[in-house]
Structures are given as C-alpha cells and as structure tokens.
Amino acid sequence: MYYKKILILTSLVSMCFTACAKAKSTGAKTVEEPAAQVVINPEIEKLNRVLLSMSPRCKAAIPNGDPEEFLSDLHKVLEVKKNFRTDDLSLYYLIDKKHSVGSDYVPKDLMPVKGNDLWNVSRNDLSLRPEAYAALEDLSRAALNDGIKLLVSSTYRSYQYQEGLFNRYVKQDGLELAERYSARPGTSQHQLGVAIDFGSITDDWGDTKMGKWVYENAARFGWSLSFPQGYEDVTGYMWECWHFRYIGVEACKFQKKWFGDIQQFMLEFIDAWESQN
Ligand SMILES: [Zn+2]
C-alpha cells in the first residue's frame, strides 16, 4: 500500500533516470535490469509528458500522490464536460494573457441575470451562460440559508465592452498598471459568460460577511476564485477577491486536491492534456 504510493513527479524523474541508466549501462557494463519489464500505463507516460511541459511553479504545486489516482480524478473532471453543452466553448477553456477568443465570440443562450429573491444586482444588463446561471442559483440559495443575499455586480462582458473598459483604465492608470488588473479585449473570463464579480469589486469586500461566505463556500457549487493573492506572476492579475469563474464542482475538487487550489495551474494542465494525443 505505502510502497504503491508513488510521486507523480518522482515517476517522472525516475523515467528520466531509467533512460539515463540505460545509456550509462552500455558503457559501464553494469548488469542492471532497469525498469524495462515494468508495464507503464500509457496514460502515465502522457501525464509525464504533459507535466514536463508545465511551468516549474505549477509542478511544484502538485502534491505527492499516486498517478493512477490523479488520472482517475482527471477523467471525472473531463467526464463532466459531457453534461454541459458541447456546441460552445468548454467550461475549462483556457483564456488568459496568452490565450484569447475572437472579437465575435459570444456564448450561446446567454441568460439575463436580473435581481430576484435569490440575489441582488448592481446593474440591469447582466447575463451568464446557462450552466453558470444554474450554479449561481445554487450558490445564492445556500447563501440565503446562511442569511446572506449575494450581490452580483458584473457577469458576461462583450469584446467591445471589455475594449472600452480596458482603454479607460489605460487612460486612467497607464498601460503597465492597467494590465495588472484589467484584461485586454478577447482575454477576459467575462467574455466567456462564466465569470462573476461579486459585491463592491474592491479589496475590502473580501473582509465582509458576504465576501468571506463566498470565499468559503463557492467551490461547493463549482465556483473558483480566479486570481488569488500572491499569484500575479501565474495568473497575470493582481488579487481579485470578488472574481469567481464557474468550472463545476468536480473541477473545483480536482483543483484543490492536485493544483494547490490554483485555477490557472489546473486549466493550463487540462489545456496541455487535451492538446496532446
Ligand atoms: Zn471580474
């Protein structure tokens, strides 16, 4: 049992080690039988390949564990995608400073998010993808049970809206600072229709009753904090306690268990996994 507990990264290192040992043994006449007989699950080989392509910081965030268990959890996350509409972008779609969508991308069947018994809104032109809308209902019901009515302040934003917003921030704060807190058009999670900014959209919201509740409970309903504190070099953005992206409950669990609860690491991994055969 304990013996079987292999590090994912150790298995990666040992694979390299095996290769090196083979090369060495030819010259040094060592009669070692390296791991040649060990049957390696081809998915573990793929896992090693994908992990090798990840950033050192992402690799460092992945805890020790059994690769088979990791793969089983990964497949649960990928399986969930089938429950969501498949004729639109994946819920795990990677969008960041290096990955974008076109100016014409609009999620299908955006649902208007009006103020109601479950939540309040800051403006009247809000909308979300149906999956995110349903998850907002679940989150808000649970919040109400705890005596908190959520305030939804920003949701889907079109490319053109984001363009105006970004340009305004650049004028206000200069390009360098604006880049740290606002996405260029085409690179915002808001254009995907699965992100919500809650409350006042200011740092102090994190210390409010609502902010603390959302932070503690969001993942149970599939909402993930996108830009956590101390990860600007990873996400590209300063800490945003108010910004959550809907990725589903299974992905939230996966993120927490294997990626130090950092959404960016997990989405980068899934992107790399799906783009490799
Ligand atoms: Zn936001």
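What makes the arrangement of the 4 donor atoms around the zinc ion irregular? The angles decide it. In this predicted model, the donors subtend angles of 54 to 151 degrees at the zinc ion, which makes the arrangement irregular. A tetrahedral label would need all angles between 85 and 135 degrees, so that label does not apply here. Water is not among the atoms, so a metal site may look incomplete.

Now take the donors themselves. The zinc ion is coordinated by NE2 of H190, ND1 of H243 and two OD entries from D197. The distances run from 2.0 to 2.7 Å. Along the chain, the donors follow the spacing H-x6-D-x45-H. H190 and D197 are both buried.

D197 leads into the strands. This residue belongs to β5 (195-198), a strand with both faces covered. On one side sit A195 and D197; on the other sit I196 and F198. All of these are buried. β5 has antiparallel partners. With β4 (150-154), β5 shares 2 bridges and runs antiparallel. There, S154 stands opposite D197. With β7 (243-246), β5 pairs in the antiparallel sense over 3 bridges. Here D197 stands opposite H243. So the link between D197 and H243 can be followed in two ways: D197 and H243 stand opposite each other in the strands, and both supply donors to the zinc ion.

Next comes a helix covered in part by these strands. Helix α8 spans residues 209-217. Its buried residues are M210, G211, W213, V214 and N217. Seen down the helix axis, they fall within an arc of 165 degrees, so they line one face of α8. What covers them includes β4, β5 and β7, along with α5 (130-145). The face turned away from the buried side carries Y215 and E216, which are exposed.

Move to helix α4, residues 67-80, where D73 is placed. Is D73 buried or exposed? D73 has a relative accessibility of 10%, and the cut-off for buried is under 20%, so D73 counts as buried. Beyond its neighbours within four places in sequence, D73 is in contact with F254, K257 and W258. Helix α10 covers residues 249-258, so by number those three contacts can be looked up in that helix.

Two further aspartates stand out by their backbone. D109 lies in the loop between α4 and β1 (111-112). D109 is not a glycine, yet has a positive phi of about 50 degrees. At 52% relative accessibility, D109 counts as exposed. D261 is found in the loop between α10 and α11 (263-275). D261 also has a positive phi, about 65 degrees, although it is not a glycine. Its relative accessible area is 36%, so D261 is partly exposed.

Finally, the whole chain. The chain has 11 helices and 7 strands. Of its 277 residues, 45% count as buried. Among contacts with a separation of 6 or more, 71% join residues 24 or more positions apart. The accessible surface comes to about 14500 Å², and carbon and sulfur atoms account for 54% of that area.

Conventions:
Residues numbered from 1 in each chain as written. Predicted model: local features only at pLDDT ≥ 70, side-chain atom pairs only at ≥ 80, totals over all residues. Heavy atoms only, no water. Helix = DSSP H or I, 4+ residues; strand = E, 2+ residues; numbered from the N terminus. Buried < 20%, exposed > 50% of the residue type's maximum accessible area, 1.4 Å probe, protein only. Contact = heavy atoms within 4.5 Å. Arc of directions from axis to C-beta. Pairing = 2+ DSSP bridges. Donors = N, O, S within 2.8 Å, 3.2 Å for Na, K, Ca; no water. Tetrahedral: all angles 85-135°; square planar, octahedral: opposite > 155°, others 65-115°. Areas by Shrake-Rupley, 256 points an atom, 1.4 Å probe, with all protein chains shown as cover.
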